[in-house]
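Reader: I would like to go through this model step by step, beginning with how its strands pair and then turning to its helices. Could you take my questions in that order?

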Amino acid sequence: MRDNIVALIVEAARELGDQDEIELPVELTADTRLFGEDGILDSMALVSLIVAVEQMIEEQLGFAVSLADDKALSQKSSPYQTIGTLADYAAAQQGASH
Amino acid sequence: MSQPVTLITGTRKGIGRYLAEHFVARDHQVIGCSRSPTDWDTPGYQHFELDVCDEIAVRSMFSAIRKSHGRLDNLINNAGIASMNHSLLTPLKTVERILEVNLVGTFLFCREAAKLMQRARHGRIVNFTTVAVPLKLEGEAAYVASKAGVKSLTDVLAREYASSGITVNSIGPTPIDTDLIRAVPKQKIDELVARQAIKRLGRCEDVANVIDFYLREESDFITGQHLFLGGL
């Protein structure tokens, strides 16, 4: 499941990059930093990505997640630090709902 | 342009019902919601039964809208409740319920609508505040506080959503002859109306007129504004 979510986040990031003309690295992996130091997105782009990922998970993987989080912009414990941590966060939510 | 998709909360009766019929007549695809079923129906209107503060139900309605329409053009946050009472005689449960429906419900709908609208980089959100806010109306402390909250929420969301092409404005109606004010003594309403520049009760048409203005394509440079009826 995590791999599926990682792939989906990469797809969402690519779409967002095209739409908003954001220059993204050639390779996006689970270790790619999304936000903060060396992050590929600014805070508004991060918001757009989170929303897109929520919608794509529901559409393509068939379950609803809420990726809203109070620790969103915290450098240390944000679930949005990397593509991998975001995937873990979404997967944990799916696990919790079953 | 294809038919606009317009979501209106609190459409079972009163202003909400009027607005639903108004926008159906203007060829919008109208989606409405209320806690209980409507005793009316019209082609071009789809109803959801839910409580506006029930996050799971609200999110699943938005998911259904995304699946069936693929977008949302307009959100009209009309649902609201009031309770006329001196604060010393107001149970906390009443305060919590008013804040929940009027403020938390509005927040939830704005958030979910903006998620849908930002994909299209276009959207219009209209929230409901009230003339009771600038009038600092005694006997409506919780209601006025909740609607002042809606006004501030509108200000901030206008800024947060501007880069996504979404405008967020509010309308502040005067008393209108609906269930919301039916329990209020006539003398109180008369006193209120006397404080307006134009001394008459509001009409649903007055509200629809302001919303029509906010929804116009040409209104894309108007956001974070509050329009009070009756000359407050």
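Reader: Over how many bridges do strand 6 of chain B and strand 7 of chain B pair?

Author: The model is predicted, and in it B:Gly172 stands opposite B:Phe228, a residue of strand 7 of chain B. Strand 6 of chain B and strand 7 of chain B run in the parallel sense where they pair, and the number of bridges between them is 3.

Reader: Which strands are the edge strands of the sheet in chain B?

Author: The open sheet of chain B is formed by 7 strands with parallel pairing, in the order 3-2-1-4-5-6-7. From one strand to the next the twist averages 15 degrees. An edge strand pairs on one side only, and in chain B that description fits strand 3 (45-49) and strand 7.

Reader: What distance separates the end C-alpha atoms of helix 4 of chain B, and what span should its residues give?

Author: Helix 4 of chain B covers residues 141-162, and because each residue counts for 1.5 Å, its 22 residues should span 32 Å. The distance between its end C-alpha atoms agrees with that expectation, being 31 Å.

Reader: Is helix 2 of chain A roughly parallel or roughly perpendicular to helix 3 of chain B?

Author: Helix 2 of chain A (residues 43-61) and helix 3 of chain B (residues 92-120) pack with their axes 10 Å apart, at an angle of about 100 degrees. Since angles of 65 to 115 degrees fall in that class, helix 2 of chain A is, relative to helix 3 of chain B, roughly perpendicular.

Technical notes:
Residues are numbered from 1 along each chain as its sequence is written. Chains are lettered from A and ligands numbered from 1 in the order in which they are written. This is a predicted model: local features need pLDDT of at least 70, side-chain atom pairs count only at pLDDT 80 or more; totals for chains, interfaces and linings use all residues. Side-chain values use heavy atoms; hydrogens and water are left out. Axes are lines fitted to C-alpha atoms, for helices over the stretch in contact, and angles run from 0 to 180 degrees between N-to-C directions. Helices (H or I, at least four residues) and strands (E, at least two) are DSSP runs, numbered from the N terminus. Angles under 35 degrees count as roughly parallel, over 145 as roughly antiparallel, 65 to 115 as roughly perpendicular and the rest as oblique. The expected span of a helix is 1.5 Å times one less than its number of residues. Two strands pair if DSSP finds at least two bridges between them.
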